[in-house]
Amino acid sequence: MTQTDLTRLTATQIAGLVASGAASAVEVTRAHLDRIAAVDDRVNAFLHVDTEGALAAAAAVDARRAAGEELGPLAGVPVAVKDVLTTKGVPTTVGSRILEGWRPPYDSTIVQRLRAAGTVMLGKTNMDEFAMGSSTEYSAYGPTHNPWDLSRIPGGSGGGSSAALAAYEAPLAIGSDTGGSIRQPGAVTGTVGAKPTYGGTSRYGLVAFSSSLDTPGPCARNVLDAALLHEVIGGHDPRDSTSIPQPVPDVVAAARLGATGDLTGVKLGIVTEFVGEGAEPGVMAAFRESVDALAKLGAEIVEVSCPHFRYALPAYYLIAPSEASSNLARFDGVRFGLRVGDDGNRSLEEVMSLTREAGFGPEVKRRIMIGTYALSSGYYDAYYGQAQKVRTLITRDFTAAFERVDALISPTTPFVAFPIGARTADPYQMYLADLFTIPTNLYGGPGISVPCGLSDGLPVGFQIMAPTMADDRMYRVAAALESVVGTFTPPAL
Amino acid sequence: MAAISREEVAHLARLSRLAVTEEELDTFAGQLDVILQAVAQVGEVAAADIPPTSHSVPLTNVLREDVVVPGLTPQEALSGAPDAEEQRFRVPRILDEDVAS
């Protein structure tokens, strides 16, 4: 088998080859490292490639197999990890200058579980600084390019993870979703991205942006692979006090059930507010065709109005920056990362201000200031307080909808991948990319984006939103849709 | 009418410990104004009697067993520090000389 072939396989196929001995984990890893070396100067999906660590992890899997040990379902499968998760001894920058060169002294829970499962971490992927953005253009280390069209954005904030999948640099990746940062990059790169129920995956070692919303989750090129990865990383973690002390729903069984293509008895609700004027025609056409396909598989389709969803975007852009302004106070030039201007004469406060000025990029500064504004006395009630009340109303919209339907559906994004540079001058235009993904984060439920078609040769994502702790439902519907529309391969790089 | 003035942005930058430049102030003032006018839409919602949601998971008082678990060594904890001394984080002076004297 040639090396090119190994990078084109699903995670499930790779694990099968490794388990049977048809390919070694080291061969698989080398094939992916070679692919990264061949294309990543054009894609820029990776901020750090851990060649040595990956080959050592792969060799350990091969040794365990040789010793006759039982291997897990993803043993020997390479995975790319968003640079928002700490990795012991391996650089973790969060796409920011303020953490340039930082090597964390501990692994995040997600990374610990990836290692324990025998997956092989290839390296850390590019992202908008502190996960604030929808295009990966706010990375301090240059934008990631969409493998479908290198002049276009790969989505964000986790554009590196999704682009690595679409460019066949990795078969699996980890992202984090605060307002759509897994699902939106998945949509515009033609890959699968799942945001688990908030609290269903651990935030221990996830560099905090907005703690009541941040949710790590799986990215893959197909639904079953995403479910297998979800199963490996999910579940209760005593080190995260917001982690839900319940087992992960059986997402793998749900994906397998969905793949049979039978949705009899499943009731889906199209979100009325998201199929009006919000999305461009090519996106709506692919969405409508997919809805028809789901109906042919036996699903009952209705429309459901969620009247407060139109306020989700403004509420989010108050809540998330408010939490960020508090969370990012820890970047003070004392315990880790950059320190600027400490000449022996300047005060702590001056050094702190110079450090943060030099270390943070423009979007991070904007959000810190918006959050500081929204939390300041005099504005608190009208901005942050009111946004929290709107969050309650959005949650009630979801709860009422799920009394009528099993899951809600919509396009994942209003538009396909836009050209690099098209939205950076007007920050609010960038925010609109997350119009359809944000309500789920405010509610705390799970959501998945699965590719459903092309518009002018660029991928369109289909979003499925499910009730809290019913992650299995969205995998079933996503796998059923995939069984009809298939997976999508970008032009050769 | 602008939702926020250049002077207010300068004040926010100071509160946020960001030593922004004059040029940045010009850019940020316009951008923050657009963002704040847009997010002010939340005010259109009648929500006087609605309780706020700070968190989607209704967990309270999450405690763990009182058992000793391994933590970071001092060397590990200080490994990323820009400056350290005698197993401590070294910081610039925190009192002005006239205050200290």
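**Close-ups of a predicted two-chain model**

**View 1. Strand 9 of chain A, with a neighbour on either side.** Start at Pro411(A), which sits opposite Phe462(A) of strand 11 of chain A. This is a predicted model, as are all the views below. Leu408(A) has its own counterpart in strand 11 of chain A, namely Met465(A). Strand 9 (residues 407-411) and strand 11 of chain A run antiparallel and are joined by four bridges. Strand 7 of chain A also pairs with strand 9 of chain A, but in the parallel sense and over three bridges. Here Leu268(A) has Ala407(A) of strand 9 as its bridge partner. Strand 9 of chain A is mostly covered, with five of its five residues buried.

**View 2. The hairpin of strands 10 and 11 of chain A.** Strand 10 (residues 447-455) and strand 11 of chain A are antiparallel, held by eight bridges. Gly447(A) lies opposite Met465(A) of strand 11, and Met465(A) is also the residue facing Leu408(A). Two residues separate the strands of this hairpin, and Asp456(A) takes a positive phi near 50°. How many residues of strand 11 (residues 458-465) of chain A are buried? Eight of its eight are, so to speak, under cover: the strand is mostly covered.

**View 3. The whole sheet of chain A.** Step back and you can follow eleven strands in an open, mixed sheet, in the order 1-3-2-4-6-5-10-11-9-7-8. Which strands stand at the edges? Strand 1 (46-49) and strand 8 (300-304) of chain A do; each has a single partner strand, so one side of each lacks a neighbour in the sheet. Direction ignored, neighbouring strands are turned by 30° against each other on average.

**View 4. Helices lying on the sheet.** Towards the start of the strand order, strand 2 (residues 78-82) and strand 3 (residues 120-125) of chain A run parallel, joined by five bridges. Ala80(A) is found opposite Gly123(A) of strand 3 of chain A. Helix 4 (residues 51-66) of chain A lies across strands 1, 2 and 3 of chain A, and runs at about 155° to strand 3 of chain A. Helix 17 of chain A packs on the sheet too, touching strand 7 (267-271), strand 9, strand 10 and strand 11 of chain A. The direction of helix 17 of chain A makes about 20° with that of strand 10 of chain A.

**View 5. Helix 9 against helix 17 in chain A.** The axes of helix 9 (residues 251-259) and helix 17 (residues 471-485) of chain A are 7 Å apart, at an angle of about 30°. The two helices of chain A are therefore roughly parallel to each other. Helix 9 of chain A passes helix 17 of chain A in a right-handed crossing. On the helix 9 side, the contact includes Val251(A), Ala254(A), Leu257(A) and Gly258(A). Helix 17 of chain A brings, among others, Asp471(A), Arg473(A), Tyr475(A), Arg476(A) and Ser483(A). By class, the residues of this contact come to ten nonpolar, two polar and four charged.

**View 6. Helix 8 of chain A, buried or exposed?** Helix 8 (residues 223-233) of chain A is mostly covered, with eleven of its eleven residues buried. Among them are Asp225(A), His230(A) and Glu231(A), alongside residues such as Leu228(A) and Ile233(A). After helix 8 of chain A comes Gly235(A), with a positive phi near 110°.

**View 7. Where chain A meets chain B.** Chain A puts 55 residues into the contact and chain B puts in 46. On the chain A side, helix 11 (312-327), helix 12 (348-359), helix 13, helix 14 (381-404) and helix 15 (427-431) each supply at least two residues. Helix 14 of chain A gives the most, with eleven residues. The side of chain A that touches chain B holds 28 nonpolar, 16 polar and eleven charged residues.

**View 8. A helix crossing between the chains.** Helix 13 (residues 362-375) of chain A and helix 1 (residues 6-15) of chain B cross at roughly 100°, their axes coming within 9 Å. That crossing makes the two helices roughly perpendicular. Met369(A), Thr372(A) and Tyr373(A) make the contact from helix 13 of chain A, while Val9(B), Leu12(B), Ala13(B) and Leu15(B) make it from helix 1 of chain B. This contact has six nonpolar residues, one polar and no charged ones.

Note on methods:
Residues numbered from 1 in each chain as written. Chains lettered and ligands numbered in written order. Predicted model: local features only at pLDDT ≥ 70, side-chain atom pairs only at ≥ 80, totals over all residues. Axes fitted to C-alpha atoms, helices over the stretch in contact; angles between N-to-C directions. Parallel < 35°, antiparallel > 145°, perpendicular 65-115°, else oblique. Contact = placed C-beta atoms within 7 Å. Nonpolar A, V, L, I, M, F, W, Y, C, P; charged D, E, K, R; others polar. Buried ≥ 20, exposed ≤ 12 C-beta atoms within 10 Å, placed from the backbone. Pairing = 2+ DSSP bridges. Left-handed = near helix turned anticlockwise from the far one by under 90°.
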